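Me: Could you go through this one with me? I'd like to start with a helix pair and then move to the cysteines.

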Amino acid sequence: MSVPLAHIFDTSFKDNTLPCCWKTANVQPVFKKGCTNDPSNYRPISLTSTCCRAMERIVNNHILNYLLENQLITKHQHGFMRRKSTCTNLLECIHDWSVNIQSRNCTNVVYFDFKKAFDSVSHPKLLIKLKAYGLTGNLLAWITDFLSNRSQCVRLGNSLSQPISVLSGVPQGSVIGPTLFLLFVNDVIDVFDNLAVSFKLYADDIKLYSCYNITSSCDDLSVAINRLYNWSVTWQLTIAVQKCFTCRICSHRLNSLFQGQTYKLNDTILPTVESVRDLGVIVDHHLKFDAHISLAVRKAMIRSRLILKCFFSRNKNLLLKAYITYVRPILEYCSPVWSPHHKYLINKIESVQKFFTKRLPGLWDISYPKRLQLLNLQSLEYRRIFQDLMLCYQILHGRCDTTIASCFVHRSDDSTRGNQLKLYKCHCTVDVTKHYFANRVINVWNSLPDTVVTASSLLSFRHQLAKFNLSNFCVNF
């Protein structure tokens with residue numbers, strides 16, 4: 001089909017038009033959280049033409065290459081970007097916050113969320129921004145037609161609603177939609193110029209934070225909040241005030257000293273919380289992850305019981321595949337961010353895999369290490385160390401764009417032990433920084449041989465690392 005599709009794509013791009021059937025979407029509501037009876041708790045995912053998505057991918061790749069080559073997308077944006085993720089976003093934030101704690105400072109963080117952000121994008125204002133970024137000619141005309149005269153209907157089971165016109169927004173579920181949204185919000189960072197405020201973005205999620213001590217002022221953060229609100233009014237992106245809040249991050253000793261500071265958004269005082277769900281990871285005001293681990297273990301245990309209860313088959317390989325697919329990702333999501341060092345937390349996470357493997361046919365009376373050997377599994381602690389090293393390799397070899405690369409300093413000593421990419425480990429006075437990813441991974445990384453750390457690709461590194469025994473670095477080895 002490549003030849004006729006290429007002809008259709010070429011004609012569509014040169015004539016700046018798309019077939020009408022390409023601009024009609026079936027919306028599939030995907031539940032997010034909250035009450036299932038509330039329609040606002042569902043994300044509308046647009047199921048569009050497969051041919052259109054194929055052309056979108058070609059156009060989108062060229063747009064992204066142009067934007068990245070000319071450094072037009074802010075480095076603080078981690079959503080829908082190559083070599084970035086929720087993990088890089090969280091690691092950069094927690095690095096800044098942990099450094100502030102070690103310096104005996106406090107960090108005030110303000111979280112923002114836009115109301116129906118993807119569906120609220122103004123098409124005329126978006127096209128103005130696209131032109132300002134250099135997207136002109138046939139490309140701009142093609143995107144203009146892509147956004148205009150769209151319609152959608154909602155599918156629930158076998159029922160289909162009447163189609164309605166779409167007057168604003170970028171289609172959620174399309175290929176080019178996320179890139180268009182990133183360009184629409186990309187200039188938000190300009191409003192924070194000349195302010196002592198840091199910021200991180202993940203698509204429409206924005207967090208601002210500022211560091212201060214007892215004698216300094218944190219007024220810049222209030223000014224930044226007002227500027228962000230004015231920007232949202234100008235570009236018609238409504239901020240969901242009820243989903244905005246603040247979190248004060250500091251050590252236990254200084255917690256009582258940094259009290260009383262509040263922030264307002266459009267005359268509404270933002271509530272201060274002690275823990276926050278940040279991109280799927282629960283972070284508390286002392287940078288501990290006990291609550292996140294407890295929630296992940298509870299979810300994983302519930303899902304494990306459901307698999308054992310609902311699967312009629314007792315086939316060991318089938319049940320194991322279901323565990324690897326549906327349970328283990330819950331326990332490993334963003335593990336470089338929250339990987340614990342306390343033995344009781346390590347055992348708590350491991351208890352899920354112990355519970356599941358013990359209930360597989362024929363393994364009830366076999367010890368846990370022996371069960372792992374028979375099932376060809378590693379312990380969850382072992383896998384977290386493995387994932388730390390994988391991320392470290394990507395950062396050191398430029399395959400992951402993140403500012404924490406500056407945390408890794410190569411050692412210049414003449415010691416023959418270890419490898420040629422040995423890293424220097426900084427002295428840390430508090431547990432938060434001592435067990436942070438950039439410090440935690442160094443001892444393991446320095447112990448690897450040259451053949452592993454100098455691998456030519458990530459796949460080669462994975463294969464080489466699999467041959468190296470990391471058990472000595474596990475608490476429960």
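Me: How do the axes of α12 and α13 cross?
Reply: In this predicted model, helix α12 (residues 343-358) and helix α13 (residues 368-375) have axes that come within 10 Å and cross at roughly 70 degrees. An angle from 65 to 115 degrees counts as roughly perpendicular, and α12 and α13 are therefore roughly perpendicular to each other.

Me: Is the crossing left-handed or right-handed?
Reply: The crossing in which α12 passes α13 is left-handed.

Me: And which residues meet there?
Reply: From α12 the contact takes in Glu 350, Gln 353, Lys 354, Thr 357 and Lys 358, and these meet Tyr 368, Arg 371, Leu 372 and Leu 375 of α13. Sorted by kind, the residues of this contact of α12 with α13 comprise four charged, three nonpolar and two polar.

Me: OK, switching topic. How many disulfides are there in the whole structure?
Reply: Searching the whole structure gives zero disulfides.

Me: Why is there no bond for Cys 93?
Reply: The closest cysteine sulfur to that of Cys 93 belongs to Cys 87 and lies 12 Å away, which is too far for a bond, since a disulfide needs the two sulfur atoms within 2.5 Å. As for its surroundings, Cys 93 counts as buried, because its relative accessibility is 1%.

Me: What about Cys 392, where is its nearest cysteine sulfur?
Reply: That sulfur is in Cys 400, at 11 Å, and Cys 392 is in no disulfide.

Me: Is Cys 392 buried or exposed?
Reply: Cys 392 has a relative accessible area of 0%, so Cys 392 is buried.

Methods: Residues are numbered from 1 along each chain as its sequence is written. This is a predicted model: local features need pLDDT of at least 70, side-chain atom pairs count only at pLDDT 80 or more; totals for chains, interfaces and linings use all residues. Side-chain values use heavy atoms; hydrogens and water are left out. Axes are lines fitted to C-alpha atoms, for helices over the stretch in contact, and angles run from 0 to 180 degrees between N-to-C directions. Helices (H or I, at least four residues) and strands (E, at least two) are DSSP runs, numbered from the N terminus. Angles under 35 degrees count as roughly parallel, over 145 as roughly antiparallel, 65 to 115 as roughly perpendicular and the rest as oblique. A crossing is left-handed if the near helix is turned anticlockwise from the far one by less than a right angle, and right-handed if clockwise. Contact means heavy atoms within 4.5 Å. Ala, Val, Leu, Ile, Met, Phe, Trp, Tyr, Cys and Pro count as nonpolar, Asp, Glu, Lys and Arg as charged, and the others, Gly among them, as polar. Buried means under 20% relative accessible area, exposed over 50%, partly exposed in between (1.4 Å probe, protein chains only).
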